[in-house]
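Let's take a walk through this model together, beginning at a single side chain and then moving on to a sheet. Keep the viewer open as you read.

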Amino acid sequence: MAKTNSQSNGSTFIEVILYVAMSSVVLSLTTGFFLQTLELEAKSKAINEVEEQGRLSMQYMLQTIRSSTGVTAPASGQTDSVLRLLIQNFRNPSVFQVSNTNQLTISEIGGPSVPITSSKVNISGLSFTNIDAQDIVKVQFTIDYKNPDNRNSMSYSQSFYGSAELRRQ
């Protein structure tokens with residue numbers, strides 16, 4: 001009897017199924033990692049935008065308050081959502097307020113409003129408190145990242161607080 005050598009150089013059906021299964025697992029893990037990286041990048045973008053806009057807005061308002069010579073609104077001891085400041089060499093008071101597009105703006109009374117914050121964020125809860133006879137104004141507001149798609153990764157909100165003393169003449 002002659003021996004026949006029936007070795008096959010191809011893969012068996014079981015081996016092909018195992019290769020496909022292992023490739024599917026690797027592809028799924030890679031896709032999941034990629035999607036998670038995209039979500040983290042979006043969250044980081046929202047956090048950075050809110051923190052930057054809040055910090056810059058607060059610095060600008062506090063510096064303007066420090067360089068002003070008086071507050072016409074809110075009245076002493078009162079809180080309001082609008083701040084009117086008298087600034088040396090300006091004919092009309094400067095006004096900080098939230099626009100109808102939820103942006104923080106500054107304007108000279110009778111003049112155009114200039115946005116301070118970008119259109120990527122919303123301002124809410126803006127309040128100014130004029131401390132009794134101390135020439136100190138407290139400022140607080142909240143900034144939310146605009147999230148039209150309601151994606152959880154793009155939701156971020158932060159409150160900011162500060163105070164400044166007016167320049168004394």
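A good place to start is Leu-35: its relative accessibility is 48%, so it counts as partly exposed, since that class covers values between 20% and 50%. Bear in mind that the model is predicted. Leu-35 belongs to helix α1, which covers residues 13-67. On the surface, Leu-35 joins Phe-34 and Leu-38 in a nonpolar patch, and together these residues have about 290 Å² of accessible area.

Now turn to the sheet. It is open and built from four strands in the order β2-β7-β8-β9, with antiparallel pairing. The edge positions go to β2 (79-80) and β9 (157-165); each has a single partner strand, so one side of each has no neighbour in the sheet.

Let's cross the sheet from the β2 edge. Two bridges link β2 to β7 in the antiparallel sense, and here you can find Asp-80 opposite Phe-128 of β7. Strand β7 itself spans residues 121-131 and is mostly covered, with eight of its eleven residues buried.

From β7 we step to β8, its antiparallel neighbour, through nine bridges. Look for Ser-124, which faces Thr-142 in β8. These two strands form a hairpin with four residues between them, where Ala-133 adopts a positive phi near 50 degrees.

The last step leads from β8 (residues 136-145) to β9, an antiparallel pairing over nine bridges. Within this pairing, Ile-136 has Glu-165 of β9 as its bridge partner.

Note on methods. Residues are numbered from 1 along each chain as its sequence is written. This is a predicted model: local features need pLDDT of at least 70, side-chain atom pairs count only at pLDDT 80 or more; totals for chains, interfaces and linings use all residues. Side-chain values use heavy atoms; hydrogens and water are left out. Patches are made of residues with over 30% relative accessible area and no salt bridge: like charges are joined within 9 Å, nonpolar side chains (Val, Leu, Ile, Met, Phe, Trp, Tyr) within 5 Å. Accessible areas come from the Shrake-Rupley method with a 1.4 Å probe; for residues, only the protein chains shown count as cover. A salt bridge is a side-chain nitrogen of Lys or Arg within 4 Å of a carboxyl oxygen of Asp or Glu. Buried means under 20% relative accessible area, exposed over 50%, partly exposed in between (1.4 Å probe, protein chains only). Two strands pair if DSSP finds at least two bridges between them.
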